Structures are given as C-alpha cells and as structure tokens.
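The following exercises ask the reader to work from the coordinates to a description of packing, burial and backbone geometry. Each task is followed by a worked solution.

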Amino acid sequence: MNALAETRRVTLRFGELTAVDSVSIAVERGETVGLLGANGAGKTSLIRLLLGLIPPTSGEVLLLGSSPSVKSRERVGYVPQTLGLYEDLTVRENWDFTNRAFGLRRLSLPEDLGEIRDDLVGELPLGIQRQVAFAVAASHKPELLVLDEPTSGVAPLSRARLWNDIHASAEAGAGVLVTTHNMEEAEQCDRLAIMVDGQMVVSGTPADVVGSRLVVEVRSEDWRRAFELLDSTGLVVQAHGDVLRVPAARDAIDEAFAVGGIEATITMVPANLEEAFVMIVSERSAT
Amino acid sequence: MNWGIESATVRYGSQVALDGLTLQPERGSVTVVIGGDGAGKSTCLKALVGLIPLNGGTACRPSKKEIGYVPATGGVYPDLTVYENLAFSGRSYGIKGSAFEKRRAKVLELIGLRDVRERLAGHLSGGMQRKLAVGLALLHQPQLLVLDEPTTGLDPLSRAELWRVISHTAAQGAAVVLSTTYVNEAQRASLVILLSEGRSIAAGSPSQIIAGVPGKVGRVKSERQPPGLAWRRGGIWHTWDLSKGTPGEADRIEPDFNDAVIIAELSHEIGITR
C-alpha cells in the first residue's frame with residue numbers, strides 16, 4: 001500500500017539556492033512523524049511541496065497516492081503556527097465555517113468544546129485556541145494531519161492534552177506530520193526526520209536519532225569556576241543547575257581540568273535528544 | 001536583603017494579573033518562570049525590574065544601573081547596525097571611551113556576533129537578534145539580568161548558544177531570571193516557579209518539585225486511555241493516582257520533571273493545595 005504522503009528524491013531550487021535537495025520522506029497511516037531542522041533548513045518548503053502548494057524542480061510528490069491536487073488536499077488537515085482561525089468568530093462559527101468549506105453538513109461540536117462554543121476565539125487563552133484549531137482541522141476526519149509547532153506558547157498541561165488528541169488521531173488511522181523546535185514535542189513522535197541545509201540527514205525513532213551518542217557530565221564543588229574554565233577553552237558547555245554537560249571528547253575535558261587545577265567528577269552519559277540534534281546539525285554544517 | 005518581589009499583586013483594571021507572587025532570585029544562578037500564554041510571566045518579570053507598579057506586596061531591587069532587561073519581542077533597533085546598537089546602549093548607560101570599547105569587544109565575543117558587527121540588526125536571523133538583545137542588556141554588567149521568553153521560536157542550535165550566554169552571566173555572579181514555556185528549559189534552572197493565573201503553583205529546584213509530587217505515578221502501555229488522569233509520552237501513558245489503595249494496572253515509576261509539572265497543574269485545576 002502507498003504511503004499517505006511521500007516525496008521521492010524531490011528537489012526545489014529558487015535560482016541559485018537549493019531549498020530542498022533530493023529529499024525522500026514518507027508518512028504512513030497511523031504514524032506520527034516529526035520533521036526537525038534549524039531555521040532555514042528547508043522544513044517549510046518540504047511541507048509546501050508535499051501539499052502541492054509549490055511544484056518541485058525535480059523529483060516526485062505523491063499525496064494520497066497521486067500528484068497533490070485540490071481533491072487530495074481536501075483529505076488533509078493543516079494547522080499553521082498562526083492557527084488559521086477567525087478570531088472575530090465564535091468557536092461554533094469557526095467549526096461550522098470550516099465544515100461548510102469542506103462540504104460537510106453541521107457536524108456536532110466535540111463535547112470538550114461545548115462549554116466555550118459561544119466564546120470569541122480571539123478572547124480565549126492560547127492553549128484553548130490551539131485545541132480548537134486542532135479540533136477544527138481534524139473535524140473532517142482527514143487522512144493526513146500537518147501540524148506546525150502545534151503547542152508553541154502553551155502551558156505543559158495544555159501541551160500534554162493536545163498530544164493526547166494528536167495520538168488519538170494517529171491511533172484512529174491518520175498520518176501526522178509535525179514540525180517543531182521543541183524536543184519535548186519531538187519525543188512524542190514515532191519517527192523523526194532531521195533536515196540540514198535542504199538535505200535529509202537522519203531518520204528514525206527518537207532513540208535511533210540519539211543512538212549511542214554520549215556527552216561529558218561534569219560535577220564540581222564550584223560549578224561557576226568549572227563553567228568558566230571549560231567555556232574559555234571554546235567548548236560548548238551547557239549548565240543544568242550546577243551540573244555541566246559538554247558534547248565533546250572526554251580527553252579534552254580531563255586535560256582542561258588537570259591544567260586548570262579544579263577538582264571535578266567527570267563521567268560519560270547518554271546524550272538527550274536536544275543534545276543529539278545539536279551534534280548532528282553541527283557535524284553536518286561543518287562538512 | 002534579597003532582591004525580588006514578595007506577595008506581589010498586580011491588577012490591570014478588574015483583572016488580577018499577579019496574585020500574591022513571591023520570586024526571590026539568587027545571585028550566581030538561573031531562575032526560570034514557566035507557564036503558558038497569559039499565566040502572568042511577562043507581568044511578573046516587569047514587576048521584578050520595576051516597569052510596572054505593584055498593587056500589593058513589596059519589591060526589593062538593585063539600582064536601575066544594575067538591572068538588564070530584555071522584553072519578549074524587540075530589544076534591538078532594526079535600522080541600526082550591530083555596532084550602532086551597542087554604541088546607543090553604551091551611551092544610554094553612560095559608558096564611554098576605552099571602558100566602552102572594552103565592554104563592546106567583550107560582549108561581541110560573548111554573543112558571537114563579531115563577524116556581523118556592520119550588519120543592520122533587522123537583517124540578522126531571529127537567533128542572532130535575540131543574542132544581540134541580550135548583549136545590549138549585558139553591556140553595563142548588570143547584577144540582575146531579566147529575559148522575557150528569550151528562546152521562544154529559536155531552533156535548538158540558537159537556543160544552546162543563548163544558554164551559553166545565560167550560564168556565563170550567572171557564573172560571573174549575576175542573578176539571571178528568565179521565562180519560558182519549555183519544560184526542559186525550566187529543568188536547567190536552580191529555582192523554578194510554575195505560574196498559572198498569576199499565582200505560583202509550584203516552586204523550588206527541579207528535584208524539590210519532583211520530590212513534592214503527591215500520590216502515585218505509573219506507566220501503562222495501551223492504545224486506550226487508562227482510567228483516571230493520564231497523559232501520553234510517545235507510545236506509552238503516564239498515569240497519576242491519588243488514591244491510597246492498591247495501584248491499578250499501571251507499573252509504578254518515579255515521576256520525572258515533566259510529570260511533576262503536569263501534576264502540579266492538574267492539582268491546581270482540581271483544587272488540591274500543596
């Protein structure tokens with residue numbers, strides 16, 4: 001069976017600039033895929049290609065089995081970072097308007113939005129607005145959901161609730177493609193795809209992406225002096241409270257402490273996803 | 001006496017934006033205020049630096065010359081170059097001559113923008129603009145540095161670079177206070193204040209907040225939502241059970257900081273005071 005959305009060696013050039021460079025990606029039914037990359041890596045261009053909003057310079061794009069079209073886009077739900085809701089309309093009016101645009105007759109509003117049905121969207125807290133935007137985008141039971149930074153700006157509990165909804169859509173069979181800079185969100189995905197300078201460099205589960213990468217953890221009586229010592233050597237030190245984490249070879253750090261004359265406990269520990277991401281992008285950009 | 005605000009209340013008309021909040025940052029470490037949009041984070045930081053008056057409570061802060069503050073948006077002049085921005089900031093703090101040149105070189109080095117010093121600030125990437133804004137606020141070597149959502153919208157690379165500057169400033173002895181909506185950023189602080197509706201609903205170091213979780217936290221691998229309070233962590237569920245009886249189908253686990261923050265918000269919502 002075909003993937004819900006797929007690019008095959010797709011390239012997009014704007015004059016001299018290659019925004020997307022021979023990228024192949026597929027989103028299958030029931031899976032949540034996180035698309036990660038630094039700003040300017042080509043994530044937004046890739047999504048616009050997948051939805052058929054721009055034609056590729058070369059390569060092939062398949063959306064629900066054929067070239068993207070108005071017809072296939074009807075089976076997609078999209079939530080931009082800016083939400084795409086009408087702030088001057090109520091929750092109910094936004095819901096009805098979108099359903100009518102998709103040619104659906106008055107679907108009943110989900111139960112959890114009942115209490116706020118007559119509230120103007122613009123007057124609701126952002127966390128609730130994001131929940132409304134997701135519910136509206138999912139209302140026509142799209143086969144593919146595309147979400148851009150779905151929980152940006154919301155409190156942790158609202159973020160958790162939205163992800164409960166996103167997972168429920170995937171378990172009901174939809175494919176979900178999420179772009180995010182937030183690694184808490186990335187860890188919710190079944191699979192991640194990381195872009196650097198227009199190219200797809202890594203793809204796999206969050207655990208695959210981290211792989212066996214390690215960082216050096218430094219504990220010292222005086223974290224401030226230890227930080228200054230390592231920082232002055234040009235290492236990218238990250239302080240977590242009074243524990244320092246450095247994505248570098250252990251030798252360099254042992255040596256710095258031997259020379260600096262500060263006592264510290266130095267151990268190698270598994271990298272977290274954020275650290276792994278920074279390592280992957282830095283390695284690629286350096287080559 | 002420590003700097004900070006104590007039992008601070010701020011009202012905008014009939015709306016209570018800050019409700020008896022206490023926030024006392026420590027020198028030489030990072031304090032993070034976490035909460036969603038509208039929780040009162042910006043109000044809290046503005047009250048801390050004295051940009052808005054308190055309707056109740058007390059504040060103690062260093063002199064204006066010892067405070068650096070970066071608002072959530074802006075903080076740089078887009079039509080001036082990086083150099084001109086620094087010069088303008090230097091003049092407004094009365095730093096002149098060789099003292100200014102020394103600080104300018106130091107700050108440019110710290111924020112890593114030396115190669116783009118002649119570029120208009122408005123032409124820099126979002127991450128570089130944020131770093132410049134922080135650099136401008138650091139020029140006069142403040143003892144209290146306050147940053148309103150400095151990393152929102154930044155990619156992890158820019159975020160790591162900005163945190164290097166933040167940790168460096170704390171390591172030098174300043175009290176750094178910043179707001180965020182990211183749990184993993186709050187986890188990097190020595191002191192965390194979780195804000196909701198203008199009130200502190202959890203406060204302490206990340207490990208203290210984890211240790212304060214009431215009830216039992218469990219994990220379940222299931223497609224259906226387990227009964228009670230539960231949230232997704234990728235393919236599994238984490239559950240929270242306040243009852244004293246035998247645990248349900250969930251395997252009991254130690255909560256992590258993410259769980260602890262969610263549970264603090266849930267407790268607040270269902271009216272459990274801690």
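The model treated here is a predicted one.

**Exercise 1. Characterise the crossing of α8(A) with α5(B): what are its handedness, distance and angle, and which residues form it?**

Step 1. Begin with the handedness: α8(A) passes α5(B) in a left-handed crossing.

Step 2. Take the axes of α8 (residues 223-232) of chain A and α5 (residues 156-171) of chain B; they come within 9 Å and cross at roughly 130°. That angle makes α8(A) oblique to α5(B), because it lies outside the range of 65 to 115 degrees for roughly perpendicular pairs and is not over 145, the bound for roughly antiparallel ones.

Step 3. List the residues in contact. From α8(A) come A:Arg224, A:Phe227, A:Glu228 and A:Asp231, and they meet B:Ser167, B:His168 and B:Ala171 of α5(B). Sorted by class, this contact has two nonpolar, two polar and three charged residues.

**Exercise 2. Analyse the contact of α5(A) with α8(B): how are the two helices oriented, and which residues meet?**

Step 1. The axes of α5 (residues 156-171) of chain A and α8(B) come within 8 Å, with a crossing angle of roughly 100°.

Step 2. The two helices, α5(A) and α8(B), are therefore roughly perpendicular to each other.

Step 3. On the side of chain A, A:Pro156, A:Leu157 and A:Ala160 take part; their partners in α8(B) are B:Val261, B:Ile262, B:Glu265 and B:Leu266. The residues of this contact divide into six nonpolar, no polar and one charged.

**Exercise 3. Describe the side of chain B that touches chain A: how many residues does it hold, and which element gives the most?**

Step 1. Count the residues: the contact takes 38 residues from chain B and 36 residues from chain A.

Step 2. Assign them to elements. On the side of chain B that touches chain A, those giving two or more residues are α5, α6 (183-186), β11 (229-233) and α8 (257-270) of chain B. The most comes from α5(B), with eight residues.

Step 3. Sort the residues of this side of chain B by class: 15 are nonpolar, 16 polar and seven charged.

**Exercise 4. Examine α5(B) and α8(B) as single helices: what are their spans, which residues are buried, and what follows each helix?**

Step 1. α5(B) has 16 residues and reaches 22 Å from its first C-alpha to its last, close to the 22 Å expected at 1.5 Å a residue.

Step 2. For α8(B), with 14 residues, the expected span at 1.5 Å a residue is 20 Å; its end C-alpha atoms are 20 Å apart, which agrees.

Step 3. Turn to burial. α5(B) is mostly covered, since 15 of its 16 residues are buried. In α8(B), the buried residues include B:Val261, B:Ile262 and B:Glu265, each of which also meets α5(A).

Step 4. Inspect what follows each helix. After α5(B) comes B:Gly173, with a positive phi near 115°; after α8(B) comes B:Gly271, whose phi is also positive, near 85°.

**Exercise 5. Two residues that are not glycines have a positive phi, A:Lys141 and B:Glu149. Where does each lie, and is each buried, exposed or partly exposed?**

Step 1. Recall the general expectation: most residues other than glycine have a negative phi.

Step 2. A:Lys141 has a phi of about 50°. Its position is in the loop between α4 (126-138) and β6 (144-148) of chain A. A:Lys141 counts as partly exposed because it has 14 C-beta neighbours inside 10 Å.

Step 3. B:Glu149 has a phi of about 45° and is placed in the loop between β6 (144-147) and α5 of chain B. With 24 other C-beta atoms within 10 Å, B:Glu149 is buried.

**Exercise 6. Summarise chain A as a whole: how many helices and strands has it, and what share of its residues is buried?**

Step 1. Chain A has 10 helices and 13 strands, and its C-alpha atoms fill a box of roughly 75 × 45 × 35 Å along the principal axes.

Step 2. Of the 287 residues in chain A, 43% are buried.

Step 3. Consider contacts in chain A between residues at least 6 apart in sequence: 68% of them join residues at least 24 apart.

Technical notes: Residues numbered from 1 in each chain as written. Chains lettered and ligands numbered in written order. Predicted model: local features only at pLDDT ≥ 70, side-chain atom pairs only at ≥ 80, totals over all residues. Axes fitted to C-alpha atoms, helices over the stretch in contact; angles between N-to-C directions. Helix = DSSP H or I, 4+ residues; strand = E, 2+ residues; numbered from the N terminus. Parallel < 35°, antiparallel > 145°, perpendicular 65-115°, else oblique. Left-handed = near helix turned anticlockwise from the far one by under 90°. Contact = placed C-beta atoms within 7 Å. Nonpolar A, V, L, I, M, F, W, Y, C, P; charged D, E, K, R; others polar. Buried ≥ 20, exposed ≤ 12 C-beta atoms within 10 Å, placed from the backbone. Expected span 1.5 Å × (residues − 1).
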